[in-house]
Amino acid sequence: MNTWSRRGFIGAGVLTGGALVIGVAVRPGNPVEKLRGKVATGDGEQLVNAWVKIDQNNAVTAIVPHCEMGQGAHTALAQMLADELDADWAKVSVMQAPADGSYVVPDAAREFVAAWSIDAPRWLEPTYNGLFTQISKLGDVLVTGGSSSVRTTGQHSMRIAGAAARQMLIAAAAARWAVPASEIVAENSTLRHAASNKRGTYGEFAEAAAREPMPQTPPLKDVSQFKLMGKGLQRLDIPAKVDGSAHFGIDAQIPGQRLRYVAVKAPPVPGAKVEAINSAAAKDMPGVLKILNMGDFVAVVAEGYWQAEQALTMVEPRYSRTEGDKVDSATLSARFAKALDAAGSAGGASLADEGDFANAFAKASKKVTAEYKVPFVAHAAMEPINCTAWVHDGKCEIWTSTQVPLMARSAVAKALDMSADDVTVNQLYLGGAFGRRLESDYPVQAARVAKEIGYPIKMIWSREEDIRQDFYRPADISRFSGGLDGKGTPVSWNNVFTQLNGPDGSWDVAHYDIPNRSIRHAEADMHLRFGSLRAVDHSQQGFFVESFIDELAHAAGQDPFDYRRKLLSKSPRHKAVLEKVAKMAGWGTPLPEGSGRGIALVKSFGTIVAEVAEVKMQDGRPKVVKVWCCADAGYVMNPDGFAAQMEGGIIYGLTTALYSGITLKDGGVEQSNFHDYRMVRMDEAPEIAVEFINADGKTLGGAGEPGLPPLAPAVVNAIFAATGKRIRELPIAQHFT
Amino acid sequence: MIQTTVNGKLQKLDVDPATPILWVLREQLGMTGTKFGCGVAQCGACTAHLDGQPIRSCSTPISEADGRQITTIEGLADPEGKLHPLQQAWIDAQVPQCGYCQSGQLMSAVALLRDSPNPSDAEIDAAMSGNICRCGAYGRIRKAIKAAA
């Protein structure tokens with residue numbers, strides 16, 4: 001970890017007031033003018049995309065381009081920067097970077113794009129970075145998602161900026177004190193030279209440091225030198241989240257402006273249009289200012305949100321008929337099944353093929369087949385979708401909670417026929433997102449309404465709108481056949497499923513030693529829009545694969561933990577994680593009648609996670625009493641924050657497994673609010689134990705998502721152990737009424 | 001005209017008496033710590049206190065608060081700004097993730113500890129199950145309540 005090979009161009013500058021600013025100029029010739037007044041004001045600034053600011057009063061500001069949605073990225077990234085800088089943690093604060101193209105992270109772009117299709121050889125690296133800089137520029141890839149902030153921005157920008165700043169501060173002190181730089185010690189935002197008994201703060205040298213030459217490849221610390229990285233530091237955003245002072249998108253205010261409020265309703269069937277509205281009953285209701293048919297949705301503008309919401313219920317819209325009207329969950333399931341029938345075991349598109357599965361299956365001593373199904377799932381973040389917008393004087397400004405500020409900016413610019421330079425996105429805290437806020441439908445909606453009426457508005461979706469106008473985790477059907485030899489060892493694996501929603505799903509079972517594999521994908525259409533939901537494709541694929549491997553273990557008459565372990569001879573890290581979680585859970589020790597344990601193992605977003613769920617049957621229904629989780633992310637930057645993400649992934653996964661099922665009737669979503677789209681609550685939340693393995697101390701895996709995928713299979717496997725009943729269709733609750 | 005005391009301060013409000021307390025707090029009074037989550041008293045994000053009792057402010061009209069006392073998350077700390085022991089426990093246990101539901105969680109927990117200073121797990125379940133946390137901080141919430149008890 002003490003070298004870095006990325007082609008970056010580090011830049012530094014001095015701000016008015018003598019502050020040092022450092023950034024990694026990923027685009028040479030990057031226009032810096034636009035950032036003036038956003039990160040700092042004044043003349044003489046040489047602001048490249050800045051990651052750190054050290055001012056004369058010795059305060060360190062980490063300028064973080066990723067959003068904070070509960071995943072702790074703001075703290076973890078500041079922690080990485082401050083450690084390389086040897087800064088006093090008490091003097092470090094975080095600033096949300098402005099939504100500007102200068103903060104695009106090529107590594108993040110590469111993470112997202114490369115995984116889809118590009119397999120470039122190493123020797124292409126130099127141009128590869130150039131290519132992705134270009135792609136990120138075009139695609140506005142400033143994304144918080146894919147469990148990637150620490151792995152990309154943290155590793156390739158924050159640490160480098162911190163290390164470079166430290167080196168420049170030392171150089172400045174060496175020059176002033178006329179002593180060798182090698183004799184200066186930097187610690188806790190202070191520089192010391194023991195022999196001459198000189199000392200000074202970073203703040204005192206900030207201005208001089210800014211005039212030092214930029215180190216292009218500053219050495220990074222080795223794990224043994226870490227002081228802040230690897231520590232469970234408290235999150236910097238938490239104090240404001242216990243006293244009501246944290247501002248989320250929905251709390252946006254525009255200084256000096258009075259907001260009006262907007263309630264909206266889109267046609268229940270995606271793709272339908274609002275042909276006409278009858279607003280006779282709504283238009284004279286108290287506080288109502290305007291009722292708009294926007295073509296693809298109805299908007300009511302009122303003095304207050306509650307008034308807008310009340311009036312909206314009285315507007316009578318007429319929707320166009322669409323093909324989607326004829327679709328319900330059963331017809332969609334039949335369509336998926338038809339696509340799978342047509343593909344058979346060898347049709348569709350190949351995702352992985354090794355050996356000759358058909359031949360091996362034909363010769364197998366024992367044959368096992370199974371079909372699994374999952375429904376659509378809505379994100380249901382606690383903060384309903386919302387956006388504040390103001391269009392005036394040919395410009396648009398929005399205030400919102402988004403994972404993709406630059407894409408939102410582009411989408412708004414396009415919808416309003418403006419240049420992106422005329423659109424400003426102000427980023428606030430996200431009250432959860434889980435992938436929903438990777439979409440820019442709502443900033444566009446708010447901006448269109450704001451343009452139509454000319455004064456600033458805050459649009460808030462009702463919970464019903466939030467559930468019914470989501471970009472869902474897709475419904476999916478997955479079919480398996482597996483062949484076992486005389487000893488029960490798998491010799492063939494065939495898997496065909498309908499929805500491919502991501503580049504590297506857990507359908508890839510290469511970590512298991514199964515010689516003949518064919519994994520395929522048979523596309524089936526749907527009219528419902530789908531998107532990324534926490535863990536994306538791994539969410540359903542983890543359930544499919546880890547259920548089927550469990551079925552193979554039982555068909556072989558073997559212990560499911562032991563069965564998996566024996567198949568992991570070529571995957572030592574997987575094996576270590578699995579063994580550790582089994583130990584934590586006391587796997588194999590007796591349980592009372594009606595209780596059972598299930599185990600599952602899934603690698604996603606670079607992190608290997610194994611979980612054991614213990615289920616107890618209570619009044620004929622399964623209750624998950626405890627979950628043990630072991631993770632190998634290579635190296636964990638903030639252990640407590642990492643554990644919180646595993647706990648969160650487990651609870652989110654449990655809600656998804658037990659209850660989440662969006663169903664369709666006449667093309668529209670049937671569920672509407674938390675009474676019919678149920679969540680796990682305190683009384684159903686299991687005890688959770690999390691441990692991790694820093695296997696290589698070097699590679700970094702994600703934290704926000706990997707805790708989720710093993711949960712559903714661990715629970716269904718536990719239900720099987722407790723009852724002998726194999727759940728092959730989620731959500732689980734429908735099988736226990 | 002509705003007269004209600006919010007966090008110790010008398011407010012005279014010229015609003016439709018049917019308006020839910022939530023929107024009066026957020027829009028008329030600019031106090032955004034109390035959150036909108038579902039609008040139908042299903043999630044608890046909007047929990048505030050009316051004469052010390054937890055209410056779902058999204059479904060309680062402001063007329064009910066006439067002549068009464070409303071307490072919100074902004075009023076939990078003492079006048080000198082010292083945090084309520086539960087707020088401190090929330091920081092110590094690093095409870096919040098996204099934090100959006102936490103105002104409501106804290107208001108429910110404050111009422112629980114006042115009525116039952118040493119709550120059992122069953123009492124915590126009963127008092128806190130009206131508050132959804134989508135980030136899944138339930139284990140830490142339980143731990144923080146016990147630490148503050």
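In what order do the 4 strands of the open sheet in chain A stand?

1. In this predicted model, the 4 strands of the open sheet in chain A follow the order E23-E24-E25-E28, and the pairing among them is mixed. Strand E23, residues 595-604, and strand E28, residues 687-692, stand at the edges of the sheet with a single partner strand each, so one side of each of these two strands is left without a neighbour in the sheet. On average, and with direction ignored, neighbouring strands of this sheet are turned by 20° against each other.

2. The pairing of E23(A) with strand E24 of chain A, residues 607-618, can be followed in detail, since these two strands run antiparallel and are joined by 10 bridges. As an example, Lys603(A) has Ile608(A) in E24(A) as its bridge partner.

3. Two helices should be looked at together with the sheet. Helix H14 of chain A, residues 572-585, packs on the sheet and touches E23, E24, strand E25 (621-632) and E28 of chain A, and the direction of this helix makes about 135° with that of E25(A). Helix H16 of chain A, residues 711-723, also packs on the sheet, where it touches E23, E24 and E25 of chain A, and the direction of H16 makes about 155° with that of E23(A).

4. For the chain as a whole, the model shows 16 helices and 28 strands in chain A, and 57% of the 737 residues of this chain count as buried. Among the contacts in chain A with a separation of 6 or more, 78% are between residues 24 or more positions apart.

Definitions and conventions:
Residues are numbered from 1 along each chain as its sequence is written. Chains are lettered from A and ligands numbered from 1 in the order in which they are written. This is a predicted model: local features need pLDDT of at least 70, side-chain atom pairs count only at pLDDT 80 or more; totals for chains, interfaces and linings use all residues. A residue is buried if 20 or more other C-beta atoms lie within 10 Å of its own, exposed if 12 or fewer, and partly exposed in between; C-beta atoms are placed from the backbone. Two residues are in contact if their C-beta atoms, placed from the backbone, lie within 7 Å. Two strands pair if DSSP finds at least two bridges between them. Axes are lines fitted to C-alpha atoms, for helices over the stretch in contact, and angles run from 0 to 180 degrees between N-to-C directions.
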